[in-house]
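Hello,

Here is the structure I promised to pass on to you. Have a look at it first, and then read on for what turned up when I went through it.

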Amino acid sequence: MKHQTQSYPEHVKAVAKLGMPLILSHVAQFAIHMTDTIMLGWYDVTALAASTIAGTLLFVVFIVGAGFAQAVTPLVALAAEEDDETQVRRVTRMGLWLSIFYGLCVTLPFLWAEDILIAIGQDADVAQLAHFYLQITIWQMIPALIVMTLKSFLSALEHTAILLWATIGAAVLNVFVNYALIFGNWGAPELGIRGAAIASVTVTIVSMLVLVGYTLRVLPQFQLFKNFWRSDREILNRVFMLGWPIGLTSLAEGGLFSASAVMMGWIGAIELAAHGIAIQLASLTFMVHIGFSQAATVRAGRALGRKDPIGLRRGGIAASAMSGVFALATSALFMLFPEFLVGLFIDPDEPARGLLLSVGVQMVFVAALFQIVDGAQVMALGLLRGVQDTAVPMVMATVSYWVIGLPTSYALAFWFGYGAIGLWFGLVVGLAVASVLLNLRFWARLPKQF
């Protein structure tokens, strides 16, 4: 079937139309985590450090399982371009199957969270608070993976407005529940870090119910939950084979930052708390790049479905350029206003405020350096997933982050004595190598996709 070739401005417009709701929904989702960090930072610095290390471990486990959800996006996009509603249903249903099964498997180890944290060298007080937090938040794992799968399904079908509004609603709800349960306002008990955990679980379950309701009401033609228990081995294998490399790729990157948090804990609680603040800031800007990357995945998957190499190339260039412009802007912001940004997370009356600001500002300066390479590598991953190329990128990412990035961080921090800042410079090195390798992989192999 013939298709009309789009110009670069048309591609930019299409990426923006698809990507902006995704970007804003990611920012709103991140606001949920940001709220936890800010409120816990104002409540107690030890609670902030505990939530940093606990959230890091939880996120690492989550992103591996989220690989199956993310595999749904390119497969549904391709099937939608071919007008195959049955294939859309089969792919999404098996994505949900894999997500739920994974969630069941990973819940049990968190019962020993405190022992695990102490074994990897964390402070006993931090480990105990982190344990309290994880005993509650682990119960959001399955609902969160279901949410992720439905988001992938809806994104591939370009139903992105609901993702934005559902996530904004969740972020607002999280503020109110946190305010009540962390500090004991409005007659609620003062639960501290436990209150933040309860808020997270509540918000995730509400989000899941909203997306399930929307799917049943607005997209009934896909009959997503009819005969849900019926297996589909062919599609299960296909989603699994595409999804596990995505999960391990995410693990490689997420694990890099998690390992850096563990090593930062070896340096000190102040450094770990400052690291948590700097990571929050860098992660906030990263949400925009993820949105562009997911839009690129959908656009690439549809271009593959209609056999449009020119559209794939132009769409990739447009999405990458938009991500690059944003990276330059945020780099400038981080370098111009680091003290103001870090100060947002710290109680003005906190005795350690001066030291936290000093360490955090240095980390934000380094974070400004990897804005461009971090955006470029996640954009390349999005494009590669769109053309269903996930296995080799997984190897490239793992080598970049763990063979190059992490040893560099350790060497700079401990062997050469640069401490927390040296650790962050190692992260820059790993991300830069990944950016180069992954972009070469996509652009060099682009003609071979057709």
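**A residue in helix α8**

I198 is found in helix α8. Please keep in mind throughout that this is a predicted model. With a relative accessibility of 30%, I198 counts as partly exposed, because the value falls between the 20% limit for buried and the 50% limit for exposed. Setting aside the neighbours within four places in sequence, I198 touches I136, L181 and L191. If you want a distance to check on your screen, try Y133: its C-alpha atom is 8.7 Å from that of I198, although 65 residues separate the two along the chain.

**The protein as a whole**

What is the protein built from? It has 16 helices and zero strands. Its radius of gyration is 21 Å, close to the 22 Å that the globule rule gives for 450 residues, so the protein is as compact as a globular protein of that length. Along the principal axes, the C-alpha atoms fill a box of roughly 70 × 45 × 35 Å.

Of the 450 residues, 59% are buried. The accessible surface comes to about 18300 Å², and carbon and sulfur atoms account for 68% of that surface. As for the contacts with a separation of 6 or more, 84% of them join residues that are 24 or more positions apart.

**A cavity to look at**

There are three cavities of 30 Å³ or more in the structure. I would like to point you to the second largest cavity, which has a volume of about 60 Å³. Its lining consists of H11, A296, R299, A300, A303, R306, G311, L312, G315, G316, A319 and L383. Two elements give two or more residues to this lining, namely α10 (269-305) and α11 (309-336).

Which helix gives the largest share of the lining? That is α11, with five residues. Sorted by class, the lining of the second largest cavity has six nonpolar, four polar and two charged residues. In case you wonder about the idea behind such a search, rolling a probe the size of a water molecule over the atoms shows where empty space is left.

**Two loop residues with positive phi**

K307 sits in the loop between α10 and α11, the two helices named above for the lining of the second largest cavity. K307 is not a glycine, yet its phi is positive, at about 55 degrees. Is K307 buried or exposed? The relative accessible area of K307 is 60%, so this residue is exposed, the cut-off being over 50%.

Q223 is the other one I would like to show you, in the loop between α8 (193-218) and α9 (233-267). Here, too, phi is positive in a residue that is not a glycine, with a value of about 45 degrees. Q223 has a relative accessible area of 38% and is therefore partly exposed.

**Helices α14 and α16**

R385 lies in helix α14, which covers residues 371-386. Would you expect this arginine to be buried or exposed? R385 is buried, because its relative accessible area is 13% and buried means under 20%. Apart from neighbours within four places in sequence, R385 is in contact with Q70, P74, I246, T249, S250, T297 and T390. For a longer view across the model, the C-alpha atoms of R385 and Q128 are separated by 39 Å, and the two residues are 257 apart along the chain.

S435 has its place in helix α16, residues 419-445. With a relative accessible area of 9%, S435 is buried. Beyond the neighbours within four places in sequence, S435 contacts V373, A376 and Q377.

A432 is also in helix α16. At 26% relative accessibility, A432 counts as partly exposed, whereas S435 in that helix is buried. The C-alpha atoms of A432 and M264 are 21 Å from each other, with the two positions 168 residues apart along the chain.

I hope this helps you find your way around.

Best wishes

Terms used
Residues numbered from 1 in each chain as written. Predicted model: local features only at pLDDT ≥ 70, side-chain atom pairs only at ≥ 80, totals over all residues. Heavy atoms only, no water. 1 Å grid on protein atoms, 1.4 Å probe; cavity = no way out; pocket = protein on both sides within 12 Å on 5 of 7 lines; lining within 4 Å. Points joined across faces, edges and corners; volume = space filled by probe spheres on them. Helix = DSSP H or I, 4+ residues; strand = E, 2+ residues; numbered from the N terminus. Nonpolar A, V, L, I, M, F, W, Y, C, P; charged D, E, K, R; others polar. Rg over C-alpha atoms; globule rule 2.2 N^0.38 Å. Buried < 20%, exposed > 50% of the residue type's maximum accessible area, 1.4 Å probe, protein only. Contact = heavy atoms within 4.5 Å. Areas by Shrake-Rupley, 256 points an atom, 1.4 Å probe, with all protein chains shown as cover.
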